[in-house]
Amino acid sequence: TDPVSNFVAGGVGGLCCVLVGHPFDTIKVQQQTGMHSSPSAGLRHLVGTEGARGLYRGVASPLLIMAPISCTMFASYAVGKRLLLGADTGQAQAKLPPSSLVAAGAFSGIFTGLINGPAERVKVALQVQTTNTRPTVLKGTIDCISGMYREGGLRTMFKGTPITMVRDVPALAVFFATYDITLRKLNKMRNQQDSNKVQPLATIIAGGIAGLIQWICILPIDTVKSRYQSQVITSSPAKLCGQMWRSEGIKSFYRGLTPVLMRAFPANAVTFLGYELTMHALRRGPSKETTLT
């Protein structure tokens, strides 16, 4: 539950997540905002017009910001668990009930959403700019931030931050609780009790399952968030929900489901693998090797 170690390890996990998951995220956002009717159509268009680099459009923003976001996410989760444990830290964290894990994850979501809001505002703007909603094509993250600031100051940068927080609080409650509970079950099945050993397969499975369950739960609100942040003429999230329901019904809230599910397992598996390997390296120190099992 050491927040400092979790801060460092979370940053490593976040960078792993971006490198693996961003292509899927680009296709997801473009489908959510109505640019393409299917993931395959989006993939063909991007690769056909821009090559493979089109899949990494807007990656600079999450690369620059994902490390502090992920650092904050894991560190605040550690702080949440520490607050629930009180003075009894160490091995006692393995005894936290699921309800406490959910509470610690929700605690993390509050702080993570504050950073995620403006970061995803920039990312979404770059990913959907070919809709011609802007008079000129944005050249990159810095150009996007400068343009937004000129248009509406800091208020524009934070457009969608409240709904991002509404998404992130339940998302991280589910995410962390699912990961910890699944990892405990897998460790119990293998009779593995040594916390100083990294277990790549169990970590990958638990992280992937956590990512899948999280995104299945929060995709509707994420779709609303993406559409809201990509709008030029802004209606409120509540009005936008009504418009989406009237135009397409329930399926409008699940746009991008296929790329989300394709991304969720590998991206979150490598997130936790990078996190766990870094945590074990920090615990053991530079003179000892991390043990893989």
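Author: Helices (H or I, at least four residues) and strands (E, at least two) are DSSP runs, numbered from the N terminus. The model is predicted, so local features need pLDDT of at least 70 and side-chain atom pairs count only at pLDDT 80 or more, whereas totals for chains, interfaces and linings use all residues. Residues are numbered from 1 along each chain as its sequence is written, and side-chain values use heavy atoms, with hydrogens and water left out.

Reader: Which pattern does the protein chain follow along the sequence?

Author: The pattern is α-α-α-α-α-α-β-α-α-α-β. The secondary structure comes to 9 helices and 2 strands.

Reader: How many of the residues in the protein chain, as a percentage, are buried?

Author: Buried means under 20% relative accessible area, exposed means over 50%, and partly exposed lies in between (1.4 Å probe, protein chains only). In the protein chain, buried residues make up 53% of the 293 residues. Two cysteines illustrate the terms: C71 is buried, with a relative accessible area of 9%, while C217 counts as partly exposed at 48%.

Reader: What is the count of disulfides?

Author: A disulfide is a pair of cysteine sulfur atoms within 2.5 Å. By this rule the count is 0.

Reader: How many salt bridges does the structure hold?

Author: In general, side chains of opposite charge can pair when their charged atoms come close. The rule applied here asks for a side-chain nitrogen of Lys or Arg within 4 Å of a carboxyl oxygen of Asp or Glu. The structure holds 7 salt bridges. One of them joins the side chains of D180 and K81, at 4.0 Å from N to O. D180 lies in helix 6 (residues 161–189) and K81 in helix 3 (residues 60–85), so this pair ties together parts that are 99 residues apart in sequence. Both D180 and K81 are buried.

Reader: Which residues are linked in a network of salt bridges?

Author: The network links E120, R167, D168, D222 and K225. Within this network, R167 and E120 meet at 2.9 Å, N to O. This pair links distant parts of the chain, with R167 in helix 6 and E120 in helix 4 (residues 98–127), 47 residues apart. E120 also meets K225, at 2.7 Å from N to O. Because E120 lies in helix 4 and K225 in helix 7 (residues 200–230), the pair ties together parts that are 105 residues apart in sequence. E120 is buried, with a relative accessible area of 11%, and K225 counts as buried at 0%.

Reader: Which side chain of opposite charge is nearest to the buried E276?

Author: For this purpose Lys and Arg count as positive and Asp and Glu as negative; His and the chain ends are not counted. E276 lies in helix 9. The nearest side chain of opposite charge is R283, 5.0 Å away, and E276 has no salt bridge. Contact means heavy atoms within 4.5 Å. Leaving aside neighbours within four places in sequence, E276 is in contact with Y179, L183, V198 and T203.

Reader: Which residues form a nonpolar patch on the surface?

Author: Patches are made of residues with over 30% relative accessible area and no salt bridge; like charges are joined within 9 Å, and nonpolar side chains (Val, Leu, Ile, Met, Phe, Trp, Tyr) within 5 Å. Accessible areas come from the Shrake-Rupley method with a 1.4 Å probe, and for residues only the protein chains shown count as cover. Here the patch consists of I216, W245, I250, Y254, L257 and L261, with about 560 Å² of accessible area together. I250 is found in the loop between helix 8 (237–248) and helix 9 (257–284), and counts as exposed at 52% relative accessibility.
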